[in-house]
Amino acid sequence: AAELELEHAVAADVGGTSFDTCLIDHGRAPVLYEGSVVGLPIQTPWIDVRSIGAGGGSIAYVDAGGLLRVGPRSAGADPGPACYGRGGTEPTVTDAAIVLGMLPSERISGGVHLHRELAEQALERLAEQLEFESATVAARGVIQIVAAQMGDAIRGVTVERGRDPREAALVAFGGAGPLFGTLLAGELGSTCVVVPAYAGNFSAWGLLRAELAQTASRTYLTRLNERGIDAARELARTLFAQLDQEGYGRNGAGATRRVQLDMRFVGQEHTLTVDASGDPHVLLADDVVVAERFLDEYERTFGSTIDEALEIVCVRAVLTVDEHAHGVAAPVFPSTPGAADDTVMAWSFAADRMLEFARTERSALAVGQRLHGPAIITEATTTTYLDAGHALEVHPTGSLIVTRTDRP
C-alpha cells in the first residue's frame, strides 16, 4: 500500500480452505487489543483479520431446503477437488472454475494436473440435484455464491468500521485471490484491484518483510485536557524506557515510536484507540489535536458524535523496528511450464455469456504494458482472471493494477 501510495486497501487472500481479509488504512493494518477466540476473552495485540471458510477447496452442496451452499467444509489438498484426480468426487470452487474455463486444465504448482472431465462430472451431479440444465449453470452458481460470501466478509472489515469499500483498492493474493479479483470488485463496487508480484506466495513474503513491533501499556484514567496529556506523555516516556531496557529498541534511531491512547466519552464503557503521536520532536500531540483525532475516528466509525467531555483510559507505547528496510528487487517471473499465448473460451460474469479470453503468461508482460479483458494471466502459483470491462497495467514493482474500463 505504501509503495503504490494507496490510502485505503483491503486484503483479499483466497487460499484452499479459507478467505482472509483485512483493512489497510494509511499503510497500516488495524491492531486490536482485546477480543475473543471460541468465546474465550483475550487481551493481547492482534491484527483485525476476518476469516471465513471459502476457498478453492470449499465444497458445494445442496442443503436440506434444496438450496445451493458453498463451504465451509473443504476437500483440502488430499483428496482435494475432483479435478485433482486423487479420489475426490464432491464439487468444489476449483472444479467450478475449471468448468467455466477460468482456470487452465494443465499442470499447476506442486505437479498437480487438473482434469476438466472429472470437474464436469462432479458439477453435473450437483446440477442434477438442483434440477439445473447443465454443469455450467451449477458452476456459475458456485462462483457467484462464494464471491458473495467473500464480499460480506470484506464489508465486515470496512462498512462495520465506517469505511466505504468502494474507496479502497482490493489487493488480491493467495493461490485463488487473483481469480476472484474482478468478481469481488463488482460485488463491492471497487474501482481498483491490485495483484501483487508473487501473489501465490504473498503471505510468506509478507512474513519475511514484516516489521517487529512491541507494545507496553498501562491503564491511566484521566480527563483529556492539558494536564491529562502532560501526565500521559510522562507515562509514555516510562513505557518506552521499559521497552528500551528490555532490548526492543536496540536499533536506536531505526526504531519508530508511536503513542496510542484508548479514549472514550465520559460515561461510556467502550473505547476507541487513537494514534496520539506528535511530530518527531514531540512524543505526544497536544490535547486539542488528540481530541480532533478521536472525534474524527468516532464519527467515521459510528456516524455521529456526542457533546460530552473526553477521557483517556489507557496509554500505550508502540515500538516498531524494520529489520528489512531495503529496496525490493525487480521481480522476475519464471515461465509457466506448458503455457503459451493463445485464446480460450471462458465464462464472462460481466457479459453473462461465454467469451473468447486471451491467455498469456505473466512473465511475458512488460512494465507499463496495458492489457484489456477478457483475459487470463497464468503464472506458477496463481491465475489472474481479467473479466470483460476491465484492464490491467504492469506497475514497476511487478504488481498488476486492474481498473474498470468502458470497453465491453
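1. First, the yardstick for what follows: a salt bridge here means a side-chain nitrogen of Lys or Arg within 4 Å of a carboxyl oxygen of Asp or Glu. Keep in mind that this is a predicted model. With that cut-off, the tally is 21 salt bridges.

2. Start with aspartate 275 and arginine 258, whose closest N and O atoms sit 3.8 Å apart, which makes a salt bridge. The two come from distant parts of the chain, 17 residues apart: aspartate 275 belongs to strand β16 (residues 272–275) and arginine 258 to strand β15. How accessible are the partners? Aspartate 275 is partly exposed at 34% relative accessibility, whereas arginine 258, at 14%, counts as buried.

3. Right beside arginine 258 in the numbering you'll find another pairing. Arginine 257 and aspartate 244 meet through their side chains in a salt bridge, 3.1 Å from N to O. Arginine 257 lies in strand β15 (residues 255–265) and aspartate 244 in helix α6 (residues 226–245), so this pair ties together parts that are 13 residues apart in sequence. Both ends get some exposure: arginine 257 is partly exposed at 32% relative accessibility, and aspartate 244 is partly exposed too, with a relative accessible area of 34%.

4. Strand β15 has one more pair worth a look. Aspartate 262 makes a salt bridge with arginine 316, with 3.1 Å between the closest N and O atoms. This one links distant parts of the chain, 54 residues apart, with aspartate 262 in strand β15 and arginine 316 in strand β17 (residues 310–321). Are these two side chains buried or exposed? Aspartate 262 is buried, at 10% relative accessible area, and so is arginine 316, at 4%.

5. Not every salt bridge here is a simple pair. Asp25, Arg163, Glu297 and Arg300 are joined in a network of them.

6. Now the sheet. Eight strands make up an open sheet with mixed pairing, in the order β7-β2-β1-β12-β13-β24-β23-β20. Why do β7 (50–52) and β20 (370–372) each have one side without a neighbour in the sheet? They stand at the edges with a single partner strand each, so one side is left free of a neighbour. From one strand to the next, the twist averages 20°.

7. Within that sheet, strand β1 (residues 8–14) runs parallel to strand β12 (residues 169–173), and five bridges pair them. If you want a residue to click on, try valine 10: its bridge partner in β12 is leucine 170. Helix α3 (residues 135–157) packs on the sheet, where it touches β1, β2 (19–25), β7 and β12. The direction of α3 makes about 35° with that of β2.

8. Helix α3 also meets helix α4 (residues 177–188). Their axes come within 9 Å and cross at roughly 65°, and the crossing is right-handed. On the α3 side, the contact residues are Ile143, Val146, Ala147, Ala148, Met150, Gly151, Ile154 and Arg155. Facing them from α4 are Phe180, Leu183, Leu184, Glu187 and Leu188. What classes of residue make up this contact? Ten are nonpolar, one is polar and two are charged.

Methods: Residues numbered from 1 in each chain as written. Predicted model: local features only at pLDDT ≥ 70, side-chain atom pairs only at ≥ 80, totals over all residues. Heavy atoms only, no water. Pairing = 2+ DSSP bridges. Helix = DSSP H or I, 4+ residues; strand = E, 2+ residues; numbered from the N terminus. Axes fitted to C-alpha atoms, helices over the stretch in contact; angles between N-to-C directions. Contact = heavy atoms within 4.5 Å. Buried < 20%, exposed > 50% of the residue type's maximum accessible area, 1.4 Å probe, protein only. Left-handed = near helix turned anticlockwise from the far one by under 90°. Nonpolar A, V, L, I, M, F, W, Y, C, P; charged D, E, K, R; others polar.
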